[in-house]
Amino acid sequence: MLHSELLSTAHEIPEGWDDIGNDNLLKKEFLIALEQGSPGNIHNYYLAVFKDGKIVGRALFQHVKLNVGNMLRYWPDNRFVIKIKSTLSCLLKGHILVCGNLTHTGQHLFDYDKSKISPSDWSNILKKSVDRHIAELRARGIKIQMVLLKDFNDSFNGLDFSILDKEWCGYKAYVQPSMELLIPSNWTEHSSYTGVLTKKYRRRYLTARRKIKDLKLKELDLASLRREQDILHSLYLNVSNNAKFNTFVLPSDHFVRYKDKLGDNFKVFGYYEDGKLIGFYTLILNGDILETYFLGYNSECLKERQLYLNMLYGMLEYAIDNKFQKVVYARTALEIKSSVGAEAKPMFMYIFHTNRLWNIALKPIFNWLNPEENWIPRNPFRQDFT
């Protein structure tokens, strides 16, 4: 007999939760860090599914309060944008339910024991849990307008989307791909990577690395993160504030919270010029996968130091040195990530509006907010490298 419980805090997560699946981003310690470091407009919930008293499935939900003005704050307020903002306000009205982790790329939504639950049974469980949660929030005066399940690739077979289509009348919305780089087992040091680059991209690599030769790269421990908290946040905002569409802003102590809870599974590396922090990047260690996370930089140093490109190289070198099998570079900046060797993996979200009539308008508006990016995939590797 299957039954489920919806938990409002990660501290209520039951024993056995971490034994379901191998995604570290759904483990209790990570969810506690996520909960404590979440943006102020996001509240996390956790679904535990039991069979005969034993946990057999887990999932992450996020209730997100949106502000359309803040989401599109860097769009010029011409008549067209004002009309779009007005339509979005009617469409969303402030509250959405995300099945998954809005702050991270990838399907970090659920795991379940496939020997105990079929994809169709799990789809029904997930649907009923979402519907129940929407009703519970409505009873508290919170009306969920839209639900999205994120992020899936086309080969994903853990859900029966036909069941969701029948009940929710939603649709699959393709979003920017996840950029990923598989690391061959024979790459044992940096030269393994540079040795398979074409002459053009090897020169590019060497040129970029020379530009930061006089900078100090330092891994920041918890004490350093606390000391540098304000500058880290300001550097992060330099990047976040340039995004045309944003659903959240990380709190100023986000990276401190993560380091405090995750320890060595969360890494922060900073670039220092004359003792001043001018850029940083963060990594999450997810088993044999290296997940890149948020970064920040001083915009005045970006071009001169090729900071962003050097961060991509730095992430890859960390992965090679520490025997990871894959680097997940996430979304955005697709072309420059492909120039390092990452390949685009198509991703989609499943979306529906709680008012079925609005589903008609949802697709074109989503497509307008998420236009297809025109970019040229690059291949930095020699032809004889496979």
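**Exercise 1.** Decide how well strand 11 is covered in this predicted model.

*Solution.* Step 1: find the strand at residues 289-297. Step 2: apply the cut-off, since buried means under 20% relative accessible area. Step 3: count. Eight of the nine residues in strand 11 are buried, so the strand is mostly covered.

**Exercise 2.** Find the strands that pair with strand 11, and give the direction of each pairing.

*Solution.* Step 1: take strand 10, residues 276-286. Seven bridges tie strand 10 to strand 11, and the sense is antiparallel. One facing pair is G279 and Y297. Step 2: look at the link. Two residues separate the strands of this hairpin. G287 sits in the turn and has a positive phi of about 65 degrees. Step 3: turn to strand 12, residues 326-330. Strand 12 runs parallel to strand 11, with three bridges between them. Here I289 has K326 as its bridge partner.

**Exercise 3.** Is Y308 buried or exposed?

*Solution.* Step 1: locate Y308 in helix 12, which spans residues 307-321. Step 2: read its relative accessibility, 16%. Step 3: compare. Buried means under 20%, so Y308 counts as buried. Step 4: check its distance to G296. The two are 12 residues apart in sequence, and their C-alpha atoms are 9.0 Å apart.

**Exercise 4.** Place D19 and classify its exposure.

*Solution.* Step 1: D19 belongs to the loop between strand 1 (2-7) and helix 1 (28-36). Step 2: its relative accessible area is 66%. Step 3: exposed means over 50%, so D19 is exposed. Step 4: name its companions. D19 joins E15, D18 and E29 in a surface patch of negative charge.

Technical notes:
Residues numbered from 1 in each chain as written. Predicted model: local features only at pLDDT ≥ 70, side-chain atom pairs only at ≥ 80, totals over all residues. Heavy atoms only, no water. Patch = residues over 30% accessible without salt bridge, like charges linked within 9 Å, V, L, I, M, F, W, Y side chains within 5 Å. Areas by Shrake-Rupley, 256 points an atom, 1.4 Å probe, with all protein chains shown as cover. Salt bridge = Lys/Arg side-chain N within 4 Å of Asp/Glu carboxyl O. Lys, Arg positive; Asp, Glu negative; His and termini not counted. Charge placed at Lys NZ, Arg CZ, Asp CG, Glu CD. Helix = DSSP H or I, 4+ residues; strand = E, 2+ residues; numbered from the N terminus. Buried < 20%, exposed > 50% of the residue type's maximum accessible area, 1.4 Å probe, protein only. Pairing = 2+ DSSP bridges.
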